[in-house]
Amino acid sequence: MIIAIDGPAASGKGTLGKRLAAHYGFRHLDTGVIYRAVAKAMLDLGADLQDEARAVAVARALDPEKFGDPVLKTQAIGDAASVVSAIPAVREALINFQRQFAADPPGAVLDGRDIGTVICPDADVKIFVVADPKVRAHRRTLEARGRGEAADEALVLTDILKRDERDKNRAAAPLKCAADAHVLDNSNLDIEGGVRAAIAIIEQARATR
Ligand code: C5P
């Protein structure tokens with residue numbers, strides 16, 4: 001079984017994906033981390049983020065063992081990730097890895113921007129997570145402070161809105177809700193409430209399959 005979770009920045013889809021994978025005993029892939037890893041490698045090289053040939057080479061050479069590096073979670077890397085992820089050839093270079101991950105048993109939860117639309121269009125269940133940008137900015141600010149980073153909520157909101165625009169309006173695999181996705185608005189839900197709502201969606205989809 002493949003569960004696709006998409007949504008904008010800081011919508012809580014990563015945490016939700018992890019929790020659902022644990023609940024069902026499936027593997028979990030936070031695909032944002034892949035683009036973040038490409039971005040970090042480009043920054044480490046001192047490369048121009050728009051340099052397509054280098055970004056593709058970096059994407060092909062990625063080491064999944066390094067996806068747990070906490071520095072990948074920072075705002076600066078997230079911004080850079082949204083630039084490299086707009087390059088179609090970079091996305092292309094990362095498709096097989098994601099599809100293979102999804103196909104391996106016993107089942108998988110993938111979260112990102114284009115899982116239900118491009119990577120796994122035949123996913124068994126698709127959930128599109130949304131939340132009010134102000135709520136997302138508040139949560140992201142608390143998370144950043146929890147990691148010891150200085151974070152100004154107004155600037156975080158500006159960044160989230162900028163990233164949403166870039167992700168929605170790019171030509172390659174833009175962020176959009178698949179026609180057959182279930183929309184889950186977690187603006188007024190805590191993590192547990194969001195997990196319960198998602199499980200209800202999945203159970204209903206399984207029962208009607
Ligand atoms: O979800 P996260 O904030 O970690 O993603 C970082 C950036 O990577 C996003 O803003 C988006 O531009 C890009 N991304 C993407 N496709 C995905 C996952 C993330 O383009 N499947």
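Biologist: Leaving aside its neighbours within four places in sequence, which residues is R206 in contact with?

Modeller: R206 is in contact with M1 and Y24. Keep in mind that this is a predicted model.

Biologist: Where does R206 sit?

Modeller: In helix α9.

Biologist: And is R206 buried, exposed or partly exposed?

Modeller: Partly exposed, because its relative accessible area is 35%, and the buried class stops under 20% while exposed means over 50%.

Biologist: How far is R206 from V135, C-alpha to C-alpha?

Modeller: Those two atoms are separated by 31 Å, and the residues are 71 apart along the chain.

Biologist: Back to α9 itself. What should the helix span, at 1.5 Å a residue?

Modeller: For the 17 residues, 191-207, you'd expect 24 Å. The end C-alpha atoms of α9 are 24 Å apart, so the model agrees with that expectation.

Biologist: Which residues of α9 are buried?

Modeller: G193, G194, V195, A198, I199, I201, I202 and A205.

Biologist: What do the buried residues of α9 pack against?

Modeller: Two strands towards the C-terminal side of the list, β4 (125-130) and β5 (182-185), plus β1 (2-6) and helix α1 (13-24).

Biologist: Why might residues three or four places apart point the same way in a helix?

Modeller: An α-helix has 3.6 residues a turn, so that spacing brings you back round to the same side.

Biologist: Changing topic to the ligand. Which residues come nearest?

Modeller: Of the 15 residues around the ligand, the nearest are R36, S85, R91, R113 and D167.

Biologist: What about polar contacts from K13, T31 and R170?

Modeller: The K13 side chain has an N or O atom 3.3 Å from a ligand oxygen. For R170, a side-chain N or O atom is 2.9 Å from an oxygen atom of the ligand. T31 goes to a nitrogen atom of the ligand instead, with a polar side-chain atom 2.9 Å away.

Biologist: How much of the ligand's accessible area does the protein cover?

Modeller: 98% of the 450 Å² that the ligand has on its own.

Biologist: One more residue, T141. Where is T141 found?

Modeller: In helix α7, residues 133-146.

Biologist: Buried or exposed?

Modeller: T141 counts as buried, because its relative accessibility is 1% and the cut-off for buried is under 20%.

Biologist: What does the T141 side chain reach?

Modeller: The backbone oxygen of A137, at 2.6 Å.

Biologist: And what does T141 touch, not counting residues up to four places away in sequence?

Modeller: A151, E153 and V156.

Key: Residues numbered from 1 in each chain as written. Predicted model: local features only at pLDDT ≥ 70, side-chain atom pairs only at ≥ 80, totals over all residues. Heavy atoms only, no water. Helix = DSSP H or I, 4+ residues; strand = E, 2+ residues; numbered from the N terminus. Expected span 1.5 Å × (residues − 1). Buried < 20%, exposed > 50% of the residue type's maximum accessible area, 1.4 Å probe, protein only. Contact = heavy atoms within 4.5 Å. Near = heavy atom within 4 Å. Polar contact = N/O pair within 3.5 Å; in protein donor to acceptor, adjacent residues only side chain to side chain. Areas by Shrake-Rupley, 256 points an atom, 1.4 Å probe, with all protein chains shown as cover.
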